[in-house]
Amino acid sequence: MTTNKEIQAGTKAVWAGEKEYLVHGATQVPVVLSVAYGYEDMDEWYDVAVGKKKGHIYGRNTNPTVQAFEDKIKILESAEAATSFSTGMAAISNTLSTFLLPGDRIVSIKDTYGGTNKIFTEFLPRQQIEVVLCETGNHEQIEEEVSKGCKILYLETPTNPTVKITDIERMAKAGHEAGALVIVDNTFATPMNQNPLLLGADLVIHSATKFLGGHADALGGVVCGSEELVEQIYHYREINGATMDPMAAYLLLRGMKTLHLRVRQQCENAMALAEYLQSKDMVEDVFYPGLATHTNHEVARKQMRDFGGMLSFAVKGGIDTVRDLLPKLQYVNRAANLGAVETTVGPARTTSHVECTPEERAAMGIPEGLIRVSCGIEETEDIIADFEQAFNYVESVLKV
Ligand SMILES: *Cc1c(COP(=O)(O)O)cnc(C)c1O
(Lines give C-alpha, C1' and ligand atoms only; values in the text may rest on other atoms or scores of the structure.)
Protein backbone atom coordinates (compact mmCIF):
# COMPACT_ATOMS: atom_id res chain seq x y z
CA MET A 1 0.00 0.00 0.00
CA THR A 2 1.34 3.42 -0.86
CA THR A 3 0.29 6.48 1.02
CA ASN A 4 1.28 10.12 0.91
CA LYS A 5 1.29 10.40 4.69
CA GLU A 6 4.75 11.39 5.92
CA ILE A 7 6.34 8.83 8.18
CA GLN A 8 6.88 9.74 11.83
CA ALA A 9 10.18 11.05 13.22
CA GLY A 10 10.78 7.82 15.17
CA THR A 11 10.57 5.75 11.98
CA LYS A 12 12.90 8.18 10.24
CA ALA A 13 15.39 7.84 13.10
CA VAL A 14 15.53 4.10 12.38
CA TRP A 15 15.57 4.14 8.57
CA ALA A 16 16.46 7.55 7.17
CA GLY A 17 19.62 8.30 5.25
CA GLU A 18 21.16 4.84 5.22
CA LYS A 19 20.06 3.03 2.06
CA GLU A 20 22.48 4.71 -0.32
CA TYR A 21 25.46 3.62 1.79
CA LEU A 22 24.67 -0.08 2.19
CA VAL A 23 26.97 -2.46 0.28
CA HIS A 24 27.24 -6.27 -0.19
CA GLY A 25 23.60 -6.61 0.91
CA ALA A 26 24.56 -5.47 4.40
CA THR A 27 21.67 -4.10 6.44
CA GLN A 28 23.97 -1.79 8.42
CA VAL A 29 26.08 1.11 7.17
CA PRO A 30 29.74 0.02 6.93
CA VAL A 31 32.55 1.88 8.68
CA VAL A 32 34.77 3.04 5.83
CA LEU A 33 38.15 3.81 7.38
CA SER A 34 39.98 4.41 4.10
CA VAL A 35 41.62 7.82 4.03
CA ALA A 36 41.83 8.01 0.22
CA TYR A 37 39.78 6.76 -2.76
CA GLY A 38 41.42 5.46 -5.96
CA TYR A 39 40.44 5.97 -9.60
CA GLU A 40 41.38 4.06 -12.79
CA ASP A 41 39.93 6.71 -15.04
CA MET A 42 41.71 10.08 -14.84
CA ASP A 43 38.70 11.96 -16.19
CA GLU A 44 36.38 10.42 -13.60
CA TRP A 45 38.87 11.28 -10.83
CA TYR A 46 38.95 14.86 -12.09
CA ASP A 47 35.15 15.10 -12.25
CA VAL A 48 34.80 13.85 -8.66
CA ALA A 49 37.59 16.16 -7.48
CA VAL A 50 35.90 19.25 -8.91
CA GLY A 51 32.45 18.19 -7.69
CA LYS A 52 30.97 17.42 -11.13
CA LYS A 53 30.39 13.79 -10.16
CA LYS A 54 29.44 12.17 -6.84
CA GLY A 55 32.21 10.30 -5.04
CA HIS A 56 35.01 10.59 -2.52
CA ILE A 57 38.59 11.80 -2.81
CA TYR A 58 40.09 12.21 0.64
CA GLY A 59 38.83 11.61 4.20
CA ARG A 60 39.17 15.18 5.45
CA ASN A 61 36.61 16.23 2.83
CA THR A 62 34.05 13.43 2.74
CA ASN A 63 33.52 9.86 3.91
CA PRO A 64 30.57 7.51 3.23
CA THR A 65 29.92 6.59 6.89
CA VAL A 66 30.06 10.24 7.89
CA GLN A 67 27.70 11.15 5.05
CA ALA A 68 25.15 8.57 6.21
CA PHE A 69 25.17 10.27 9.64
CA GLU A 70 24.72 13.68 7.97
CA ASP A 71 21.84 12.38 5.84
CA LYS A 72 20.00 10.96 8.85
CA ILE A 73 20.20 14.12 10.97
CA LYS A 74 19.39 16.30 7.96
CA ILE A 75 16.14 14.38 7.44
CA LEU A 76 15.27 14.54 11.17
CA GLU A 77 15.74 18.33 11.15
CA SER A 78 13.85 18.76 7.84
CA ALA A 79 16.91 20.43 6.34
CA GLU A 80 18.19 20.53 2.76
CA ALA A 81 21.73 19.78 3.87
CA ALA A 82 23.98 18.96 6.83
CA THR A 83 27.70 18.93 7.45
CA SER A 84 29.44 17.34 10.41
CA PHE A 85 32.40 18.00 12.70
CA SER A 86 34.74 16.31 15.14
CA THR A 87 32.87 17.85 18.13
CA GLY A 88 29.93 20.12 18.90
CA MET A 89 32.32 22.98 19.64
CA ALA A 90 33.94 22.52 16.22
CA ALA A 91 30.47 22.80 14.64
CA ILE A 92 29.86 26.05 16.53
CA SER A 93 33.28 27.65 16.00
CA ASN A 94 33.52 26.67 12.31
CA THR A 95 29.99 27.94 11.62
CA LEU A 96 30.70 31.29 13.29
CA SER A 97 34.07 31.59 11.54
CA THR A 98 32.48 30.89 8.15
CA PHE A 99 30.32 34.00 8.38
CA LEU A 100 31.90 36.49 10.81
CA LEU A 101 34.47 39.06 9.71
CA PRO A 102 36.25 41.82 11.67
CA GLY A 103 33.83 44.66 12.31
CA ASP A 104 30.76 42.39 12.37
CA ARG A 105 28.31 42.30 15.27
CA ILE A 106 26.72 39.17 16.79
CA VAL A 107 23.83 39.11 19.27
CA SER A 108 23.33 36.18 21.62
CA ILE A 109 22.26 35.33 25.17
CA LYS A 110 24.16 35.06 28.47
CA ASP A 111 23.26 31.42 29.13
CA THR A 112 24.80 29.66 26.14
CA TYR A 113 26.89 26.51 26.65
CA GLY A 114 30.15 27.28 28.52
CA GLY A 115 32.39 26.70 25.47
CA THR A 116 30.17 28.86 23.27
CA ASN A 117 30.25 31.59 25.89
CA LYS A 118 34.07 31.43 25.85
CA ILE A 119 34.04 31.97 22.06
CA PHE A 120 31.84 35.02 22.63
CA THR A 121 33.84 36.51 25.49
CA GLU A 122 37.41 35.45 24.64
CA PHE A 123 37.92 34.63 20.97
CA LEU A 124 35.51 36.75 18.90
CA PRO A 125 36.39 40.10 20.57
CA ARG A 126 40.09 39.65 19.73
CA GLN A 127 39.08 39.39 16.06
CA GLN A 128 37.34 42.77 16.34
CA ILE A 129 33.91 41.17 16.30
CA GLU A 130 31.40 42.89 18.58
CA VAL A 131 29.48 40.47 20.81
CA VAL A 132 26.27 41.51 22.60
CA LEU A 133 24.96 39.06 25.19
CA CYS A 134 21.36 39.66 26.28
CA GLU A 135 19.52 38.38 29.35
CA THR A 136 18.32 34.90 28.44
CA GLY A 137 14.57 34.86 27.97
CA ASN A 138 14.32 38.68 27.68
CA HIS A 139 12.81 38.80 24.20
CA GLU A 140 12.40 42.59 24.16
CA GLN A 141 16.08 43.15 24.89
CA ILE A 142 17.14 40.70 22.16
CA GLU A 143 14.78 42.39 19.66
CA GLU A 144 16.14 45.79 20.54
CA GLU A 145 19.78 44.71 20.14
CA VAL A 146 19.08 42.83 16.91
CA SER A 147 17.26 45.83 15.40
CA LYS A 148 20.47 47.88 15.75
CA GLY A 149 21.91 45.55 13.11
CA CYS A 150 23.88 42.30 13.38
CA LYS A 151 25.32 39.60 11.15
CA ILE A 152 24.25 36.69 13.37
CA LEU A 153 21.60 36.11 16.02
CA TYR A 154 22.78 33.05 17.95
CA LEU A 155 20.37 31.21 20.26
CA GLU A 156 20.28 28.11 22.41
CA THR A 157 17.02 26.83 23.93
CA PRO A 158 16.57 25.23 26.43
CA THR A 159 19.80 26.48 28.05
CA ASN A 160 22.36 25.07 30.43
CA PRO A 161 21.88 24.67 33.41
CA THR A 162 18.64 26.49 34.31
CA VAL A 163 16.80 25.35 31.12
CA LYS A 164 15.62 28.82 30.10
CA ILE A 165 13.47 29.07 26.98
CA THR A 166 13.66 31.53 24.08
CA ASP A 167 10.85 31.94 21.53
CA ILE A 168 12.52 30.80 18.30
CA GLU A 169 9.75 31.92 15.91
CA ARG A 170 9.62 35.42 17.39
CA MET A 171 13.41 35.78 17.46
CA ALA A 172 13.81 34.41 13.90
CA LYS A 173 11.40 37.10 12.70
CA ALA A 174 13.37 39.80 14.53
CA GLY A 175 16.64 38.44 13.17
CA HIS A 176 15.44 38.35 9.59
CA GLU A 177 14.04 41.88 9.77
CA ALA A 178 17.56 43.00 10.63
CA GLY A 179 19.08 40.86 7.86
CA ALA A 180 20.78 38.52 10.35
CA LEU A 181 21.49 34.84 10.03
CA VAL A 182 19.57 33.04 12.81
CA ILE A 183 21.40 30.06 14.36
CA VAL A 184 19.99 27.77 17.08
CA ASP A 185 21.86 25.21 19.19
CA ASN A 186 19.25 22.45 19.49
CA THR A 187 21.36 20.03 21.57
CA PHE A 188 19.11 19.97 24.66
CA ALA A 189 15.80 19.63 22.82
CA THR A 190 16.89 17.12 20.13
CA PRO A 191 15.08 16.98 16.77
CA MET A 192 12.45 14.78 18.43
CA ASN A 193 11.21 17.68 20.57
CA GLN A 194 12.01 20.77 18.54
CA ASN A 195 12.86 21.67 14.91
CA PRO A 196 14.24 25.23 14.83
CA LEU A 197 14.35 25.33 11.01
CA LEU A 198 10.58 24.81 10.89
CA LEU A 199 10.25 27.71 13.35
CA GLY A 200 12.18 30.03 11.02
CA ALA A 201 15.85 29.58 11.99
CA ASP A 202 18.45 29.43 9.20
CA LEU A 203 20.84 26.96 10.79
CA VAL A 204 20.50 24.37 13.55
CA ILE A 205 23.51 23.01 15.44
CA HIS A 206 23.87 19.88 17.58
CA SER A 207 26.53 18.52 19.81
CA ALA A 208 25.98 14.94 18.56
CA THR A 209 28.04 13.85 21.58
CA LYS A 210 24.96 14.26 23.77
CA PHE A 211 21.43 13.02 22.99
CA LEU A 212 21.97 12.10 19.31
CA GLY A 213 24.66 9.55 20.11
CA GLY A 214 23.12 8.96 23.50
CA HIS A 215 25.73 6.55 24.87
CA ALA A 216 28.57 8.92 25.85
CA ASP A 217 31.04 7.01 23.69
CA ALA A 218 31.53 9.22 20.64
CA LEU A 219 32.24 12.92 20.04
CA GLY A 220 30.65 14.79 17.17
CA GLY A 221 28.89 17.91 15.98
CA VAL A 222 26.65 18.82 13.07
CA VAL A 223 25.01 21.84 11.45
CA CYS A 224 21.88 21.62 9.27
CA GLY A 225 20.28 24.20 6.97
CA SER A 226 19.94 25.26 3.34
CA GLU A 227 22.28 23.87 0.65
CA GLU A 228 23.62 27.37 0.12
CA LEU A 229 24.63 28.01 3.74
CA VAL A 230 25.81 24.48 4.52
CA GLU A 231 27.99 24.43 1.40
CA GLN A 232 29.91 27.45 2.74
CA ILE A 233 30.34 25.89 6.19
CA TYR A 234 31.42 22.59 4.64
CA HIS A 235 34.07 24.40 2.61
CA TYR A 236 35.43 26.12 5.73
CA ARG A 237 35.55 22.79 7.60
CA GLU A 238 37.09 20.70 4.78
CA ILE A 239 40.01 23.15 4.64
CA ASN A 240 40.35 23.81 8.37
CA GLY A 241 40.06 20.13 9.16
CA ALA A 242 37.71 19.52 12.12
CA THR A 243 36.33 16.44 10.36
CA MET A 244 34.18 13.78 12.03
CA ASP A 245 35.86 10.39 12.46
CA PRO A 246 34.14 7.49 10.59
CA MET A 247 34.07 5.35 13.74
CA ALA A 248 32.35 8.16 15.63
CA ALA A 249 29.89 8.54 12.73
CA TYR A 250 29.07 4.83 12.97
CA LEU A 251 28.46 4.99 16.74
CA LEU A 252 26.34 8.12 16.37
CA LEU A 253 24.30 6.52 13.56
CA ARG A 254 23.68 3.47 15.71
CA GLY A 255 22.72 5.65 18.66
CA MET A 256 20.30 7.69 16.58
CA LYS A 257 18.28 4.61 15.65
CA THR A 258 16.89 4.61 19.21
CA LEU A 259 16.72 8.40 19.61
CA HIS A 260 12.94 8.58 19.82
CA LEU A 261 12.70 5.77 22.39
CA ARG A 262 15.44 7.20 24.58
CA VAL A 263 14.15 10.77 24.43
CA ARG A 264 10.59 9.64 25.19
CA GLN A 265 11.75 7.92 28.41
CA GLN A 266 14.13 10.77 29.29
CA CYS A 267 11.27 13.29 29.02
CA GLU A 268 9.01 11.09 31.12
CA ASN A 269 11.70 10.71 33.80
CA ALA A 270 12.48 14.43 33.79
CA MET A 271 8.83 15.42 34.26
CA ALA A 272 8.33 12.90 37.07
CA LEU A 273 11.58 13.89 38.79
CA ALA A 274 10.79 17.62 38.47
CA GLU A 275 7.39 17.09 40.11
CA TYR A 276 8.92 14.93 42.84
CA LEU A 277 11.62 17.53 43.56
CA GLN A 278 8.99 20.28 43.83
CA SER A 279 7.47 18.34 46.72
CA LYS A 280 10.72 18.18 48.72
CA ASP A 281 11.32 20.60 51.61
CA MET A 282 15.05 20.57 51.02
CA VAL A 283 14.63 21.80 47.45
CA GLU A 284 14.47 25.56 47.01
CA ASP A 285 13.80 25.73 43.29
CA VAL A 286 13.18 23.36 40.38
CA PHE A 287 13.87 24.40 36.81
CA TYR A 288 12.12 22.38 34.08
CA PRO A 289 10.26 23.80 31.06
CA GLY A 290 7.48 21.23 31.55
CA LEU A 291 6.49 22.73 34.91
CA ALA A 292 3.68 25.31 34.85
CA THR A 293 5.86 27.36 37.25
CA HIS A 294 8.60 27.75 34.59
CA THR A 295 8.89 31.38 33.40
CA ASN A 296 8.47 30.52 29.73
CA HIS A 297 6.38 27.36 30.05
CA GLU A 298 3.88 28.67 27.47
CA VAL A 299 6.61 29.32 24.89
CA ALA A 300 8.02 25.84 25.53
CA ARG A 301 4.54 24.35 24.98
CA LYS A 302 4.24 26.21 21.71
CA GLN A 303 7.58 25.27 20.16
CA MET A 304 8.47 21.91 21.74
CA ARG A 305 6.70 18.56 21.38
CA ASP A 306 7.99 17.48 24.79
CA PHE A 307 10.16 19.29 27.33
CA GLY A 308 13.40 17.30 27.18
CA GLY A 309 15.53 15.24 29.54
CA MET A 310 17.38 18.12 31.23
CA LEU A 311 16.41 19.79 34.49
CA SER A 312 18.11 21.46 37.42
CA PHE A 313 17.26 22.15 41.03
CA ALA A 314 18.69 24.16 43.91
CA VAL A 315 19.01 22.61 47.37
CA LYS A 316 18.86 24.40 50.71
CA GLY A 317 22.27 24.56 52.39
CA GLY A 318 24.13 25.18 49.12
CA ILE A 319 27.30 23.31 48.31
CA ASP A 320 27.38 21.50 51.69
CA THR A 321 24.10 19.76 50.90
CA VAL A 322 25.34 19.00 47.37
CA ARG A 323 28.42 17.34 48.89
CA ASP A 324 26.26 15.10 51.06
CA LEU A 325 23.51 14.38 48.56
CA LEU A 326 25.22 13.53 45.26
CA PRO A 327 27.55 10.73 46.50
CA LYS A 328 24.49 8.95 47.95
CA LEU A 329 22.79 8.53 44.58
CA GLN A 330 23.27 4.97 43.36
CA TYR A 331 22.06 4.98 39.76
CA VAL A 332 23.75 8.08 38.41
CA ASN A 333 27.06 9.08 36.93
CA ARG A 334 28.54 12.11 38.65
CA ALA A 335 30.10 13.51 35.47
CA ALA A 336 30.24 16.49 33.15
CA ASN A 337 28.42 15.07 30.13
CA LEU A 338 24.72 14.85 29.39
CA GLY A 339 22.21 13.15 27.10
CA ALA A 340 23.37 9.60 27.85
CA VAL A 341 21.21 6.56 28.66
CA GLU A 342 22.45 6.74 32.26
CA THR A 343 21.15 9.51 34.52
CA THR A 344 23.98 11.99 35.01
CA VAL A 345 24.24 14.63 37.72
CA GLY A 346 26.65 17.40 38.58
CA PRO A 347 26.78 20.76 40.35
CA ALA A 348 26.70 23.72 37.93
CA ARG A 349 29.87 24.99 39.62
CA THR A 350 31.72 21.85 38.51
CA THR A 351 30.09 21.31 35.11
CA SER A 352 28.54 24.04 32.97
CA HIS A 353 29.95 27.02 34.89
CA VAL A 354 33.22 25.73 36.30
CA GLU A 355 35.19 28.64 34.83
CA CYS A 356 33.18 31.30 36.73
CA THR A 357 33.73 32.69 40.23
CA PRO A 358 30.97 32.21 42.87
CA GLU A 359 30.13 35.92 42.44
CA GLU A 360 29.83 35.55 38.68
CA ARG A 361 27.60 32.50 39.10
CA ALA A 362 25.40 34.37 41.56
CA ALA A 363 25.10 37.26 39.08
CA MET A 364 23.96 34.75 36.44
CA GLY A 365 21.28 33.38 38.76
CA ILE A 366 23.15 30.13 39.40
CA PRO A 367 23.13 29.25 43.13
CA GLU A 368 26.06 27.25 44.53
CA GLY A 369 23.55 24.55 45.44
CA LEU A 370 22.33 24.11 41.87
CA ILE A 371 22.40 20.53 40.61
CA ARG A 372 21.99 19.70 36.94
CA VAL A 373 20.31 16.43 36.06
CA SER A 374 20.42 14.76 32.66
CA CYS A 375 17.75 12.09 32.95
CA GLY A 376 18.62 8.66 31.60
CA ILE A 377 16.33 5.91 30.36
CA GLU A 378 16.05 3.99 33.65
CA GLU A 379 12.57 3.11 34.94
CA THR A 380 10.97 6.23 36.41
CA GLU A 381 10.12 4.71 39.79
CA ASP A 382 13.72 3.59 40.36
CA ILE A 383 15.06 7.07 39.69
CA ILE A 384 12.58 8.66 42.10
CA ALA A 385 13.34 5.99 44.74
CA ASP A 386 17.06 6.65 44.34
CA PHE A 387 16.64 10.39 44.95
CA GLU A 388 14.27 9.65 47.85
CA GLN A 389 16.81 7.46 49.69
CA ALA A 390 19.55 10.07 49.12
CA PHE A 391 17.35 12.89 50.48
CA ASN A 392 16.37 10.71 53.45
CA TYR A 393 20.04 10.16 54.24
CA VAL A 394 20.87 13.87 54.08
CA GLU A 395 17.85 14.76 56.23
CA SER A 396 18.89 12.18 58.84
CA VAL A 397 22.44 13.56 58.90
CA LEU A 398 21.17 17.10 59.37
CA LYS A 399 18.97 16.01 62.31
CA VAL A 400 21.93 14.53 64.20
C1 LIG B 1 28.13 19.78 24.97
C2 LIG B 1 27.50 20.93 24.27
C3 LIG B 1 28.18 21.60 23.25
C4 LIG B 1 29.58 21.25 22.84
O5 LIG B 1 29.65 19.96 22.30
P6 LIG B 1 30.99 19.04 22.34
O7 LIG B 1 30.59 17.88 21.52
O8 LIG B 1 31.28 18.74 23.75
O9 LIG B 1 32.07 19.86 21.71
C10 LIG B 1 27.52 22.64 22.62
N11 LIG B 1 26.28 23.02 22.99
C12 LIG B 1 25.61 22.41 23.97
C13 LIG B 1 24.24 22.87 24.33
C14 LIG B 1 26.19 21.33 24.65
O15 LIG B 1 25.52 20.72 25.64
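**Exercise 1. State which strands helix α13 lies across, and at what angle it runs to β9.**

Solution. Helix α13 (residues 318-325) lies across β9, β11 (344-347) and β12, running at about 120° to β9. Helices (H or I, at least four residues) and strands (E, at least two) are DSSP runs, numbered from the N terminus. Axes are lines fitted to C-alpha atoms, for helices over the stretch in contact, and angles run from 0 to 180 degrees between N-to-C directions. Helix α11 (residues 259-278) lies across β8, β9 and β12, and runs at about 15° to β9.

The model is predicted: local features need pLDDT of at least 70, side-chain atom pairs count only at pLDDT 80 or more, and totals for chains, interfaces and linings use all residues. Residues are numbered from 1 along each chain as its sequence is written, and side-chain values use heavy atoms, with hydrogens and water left out.

**Exercise 2. Give the strand order of the open sheet that contains β9, and find its edges.**

Solution. Step 1: the order is β8-β9-β12-β11-β10, five strands with mixed pairing. Two strands pair if DSSP finds at least two bridges between them.

Step 2: β8 and β10 (333-334) each have a single partner strand, so one side of each has no neighbour in the sheet and these two stand at the edges.

Step 3: take the partners of β9. Strand β8 (residues 283-287) runs antiparallel to β9 and is joined to it by four bridges, with V283 opposite V315. On β12 (residues 370-374), the pairing with β9 is also antiparallel and spans five bridges. Here M310 faces S374, and F313 has I371 as its bridge partner.

**Exercise 3. Decide whether the residues of β9 and β5 are buried or exposed.**

Solution. Step 1: buried means under 20% relative accessible area, exposed over 50%, and partly exposed in between (1.4 Å probe, protein chains only).

Step 2: in β9 (residues 310-315), six of six residues are buried. M310, S312 and A314 point one way, while L311, F313 and V315 point the other way.

Step 3: in β5 (residues 181-185), five of five residues are buried, so this strand is largely enclosed by the rest of the structure. One side carries L181, I183 and D185, the other V182 and V184.

Step 4: β5 pairs with strand β4 (residues 152-156) in the parallel sense over five bridges. D185 of β5 is the bridge partner of E156.

**Exercise 4. Describe two helix crossings, α4 with α9 and α3 with α10.**

Solution. Step 1: the axes of α4 (residues 88-99) and α9 (residues 227-240) come within 9 Å and cross at roughly 110°. These helices are therefore roughly perpendicular; angles under 35 degrees count as roughly parallel, over 145 as roughly antiparallel, 65 to 115 as roughly perpendicular and the rest as oblique. The crossing of α4 and α9 is right-handed. A crossing is left-handed if the near helix is turned anticlockwise from the far one by less than a right angle, and right-handed if clockwise.

Step 2: the α4 and α9 residues in contact (heavy atoms within 4.5 Å) include N94 and F99 of α4 and Y236 and R237 of α9. The contact comprises four nonpolar, six polar and one charged residue. Ala, Val, Leu, Ile, Met, Phe, Trp, Tyr, Cys and Pro count as nonpolar, Asp, Glu, Lys and Arg as charged, and the others, Gly among them, as polar.

Step 3: α3 (residues 64-76) and α10 (residues 246-256) have axes that come within 8 Å and cross at roughly 35°, in the left-handed sense. Residues that meet include F69 and K72 of α3 and Y250 and M256 of α10. This contact divides into 11 nonpolar, one polar and one charged.
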